[in-house]
Structures are given as structure tokens and as C-alpha cells.
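Here is a friendly walk through one protein chain, taken a few features at a time. Keep the viewer open and follow along.

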Amino acid sequence: MSEQAVHDWIRKTVASNDVVLFMKGNKAAPMCGFSAQVAHILGHLGVGYKDVNVLEDMSIREGIKSFSNWPTVPQLYVKGKLVGGSDILVEMFENGELAPMVKEATAS
């Protein structure tokens, strides 16, 4: 897949799901500690989300980094916007910013 095709697929996935987590592994079986941490936080908050396993497709693994201009995975998107990676998400969870954001996004 070309980089443009990958970016189009990512754009469509992010646009058609309120909350999307690009991660290593999936929500049932995360394949790295950072992905596991974010999946655990979202599970704790009771948020439904689309998980995309970047390990299944190298073009998506690299494409998500160029799409977002963010060098690492996991990446959480809420209502089409990149919220951040694990460090930012843990901080937002701890200070109470993440829960209302994701719950509002999935309320409708």
C-alpha cells in the first residue's frame, strides 16, 4: 500500500469511530506495556473503542507515525483528533481530563 493509501485508510478509520487506539496488539491481548497501559485505562473508564493492531501491517505501523507526525505507538484518537501517546494519556487520566473527554465522545 502506498503511503497515501495508508493515510486515506487511517483518516477513514479515525473519522468513522469516535475513539480509536492504534496499538501494538489488540485490546484483548496488548503486545507492549505502553499499549497495555492505555487499553487498561480505557477499559477502566468503560469506554468502547476501535483497536487497530499496528503489528499486523507494517505499512500501518509506519503510516500512523507519518499521518500524525507522532513517532510512537500507541496513539489515541478521539472524534478524529490525536489526543496523544501513553505518557500524555496516563497524565490526562490521573488529572481527570481523559474520562470526560472520552465519555462525551461516546455518549451519542
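The notes below describe a predicted model, with topics grouped by region.

## Helix H4 and its two sides

Let us begin with helix H4, which spans residues 86-94 and includes Glu-91. Four residues of H4 are buried: Ser-86, Leu-89, Val-90 and Met-92. They lie on the same side of the helix, because the arc they cover around the axis is only 165°.

What does the face turned away from that buried side carry? There you will find the exposed residues Asp-87, Glu-91 and Glu-94. Glu-91 counts as exposed because its relative accessibility is 53%, and the cut-off for that class is over 50%.

## A negative patch on the surface

The acidic residues of H4 come up again when you look at charge. Asp-87, Glu-91, Glu-94 and Glu-97 gather on the surface in a patch of negative charge. If you color the model by charge, this is a good place to pause: Asp-87, Glu-91 and Glu-94 are the exposed residues on the face of H4 turned away from its buried side, and Glu-97 joins them in the patch.

## Salt bridges within helices

How many salt bridges are there? The count comes to three, and we can visit each one in turn.

In helix H1 (residues 3-15), Arg-11 and Asp-8 are three residues apart, or about one turn of the helix. Their side chains form a salt bridge, with 2.9 Å between the closest N and O atoms. Arg-11 is partly exposed, since its relative accessibility is 43%. Asp-8 falls into the partly exposed class too, with a value of 39%.

Helix H3 (residues 58-68) holds another pair, Lys-65 and Glu-62, and because they are three residues apart, about one helical turn separates them. The closest N and O atoms of this salt bridge are 3.7 Å apart, so the pair still meets the 4 Å cut-off. Lys-65 is partly exposed at a relative accessible area of 23%, and Glu-62 is partly exposed at 46%.

## A salt bridge between distant parts of the chain

The side chains of Asp-18 and Lys-79 also meet in a salt bridge, at 3.1 Å from N to O. This pair links distant parts of the chain, 61 residues apart: Asp-18 sits in the loop between H1 and strand S1 (19-23), while Lys-79 sits in the loop between strand S5 (75-78) and strand S6 (81-84). Asp-18 is partly exposed, with a relative accessible area of 30%. For Lys-79, which is also partly exposed, the value is 48%.

Lys-79 deserves a second look for its backbone. Its phi is positive, about 50°, although Lys-79 is not a glycine.

## Backbone features between H3 and S5

As background for this part, most residues other than glycine have a negative phi, and most peptide bonds are trans.

Which loop should you turn to next? Asn-69 lies in the loop between H3 and S5, and Pro-74 lies in that loop as well. Asn-69 is not a glycine, yet its phi is positive at about 60°. With a relative accessibility of 68%, Asn-69 counts as exposed. Further along, the peptide bond from Val-73 to Pro-74 is cis, with omega near 15°.

## Val-47 and Met-101

Two more residues round off the tour. Val-47 is placed in the loop between helix H2 (33-45) and strand S4 (50-53). Is Val-47 buried or exposed? Its relative accessibility is 8%, so Val-47 counts as buried, the cut-off being under 20%. From Val-47 to Phe-22 the distance is 15 Å, C-alpha to C-alpha, and the two are 25 residues apart in sequence.

Met-101 belongs to helix H5 (residues 98-105). Met-101 is partly exposed, given a relative accessibility of 31%. Between Met-101 and Gly-43 there are 15 Å in space, C-alpha to C-alpha, and the pair is 58 residues apart in sequence.

Technical notes. Residues are numbered from 1 along each chain as its sequence is written. This is a predicted model: local features need pLDDT of at least 70, side-chain atom pairs count only at pLDDT 80 or more; totals for chains, interfaces and linings use all residues. Side-chain values use heavy atoms; hydrogens and water are left out. Patches are made of residues with over 30% relative accessible area and no salt bridge: like charges are joined within 9 Å, nonpolar side chains (Val, Leu, Ile, Met, Phe, Trp, Tyr) within 5 Å. Accessible areas come from the Shrake-Rupley method with a 1.4 Å probe; for residues, only the protein chains shown count as cover. Lys and Arg count as positive and Asp and Glu as negative; His and the chain ends are not counted. The place of a charge is taken as NZ of Lys, CZ of Arg, CG of Asp or CD of Glu. Helices (H or I, at least four residues) and strands (E, at least two) are DSSP runs, numbered from the N terminus. Buried means under 20% relative accessible area, exposed over 50%, partly exposed in between (1.4 Å probe, protein chains only). The arc is that of the directions from the helix axis to the C-beta atoms.
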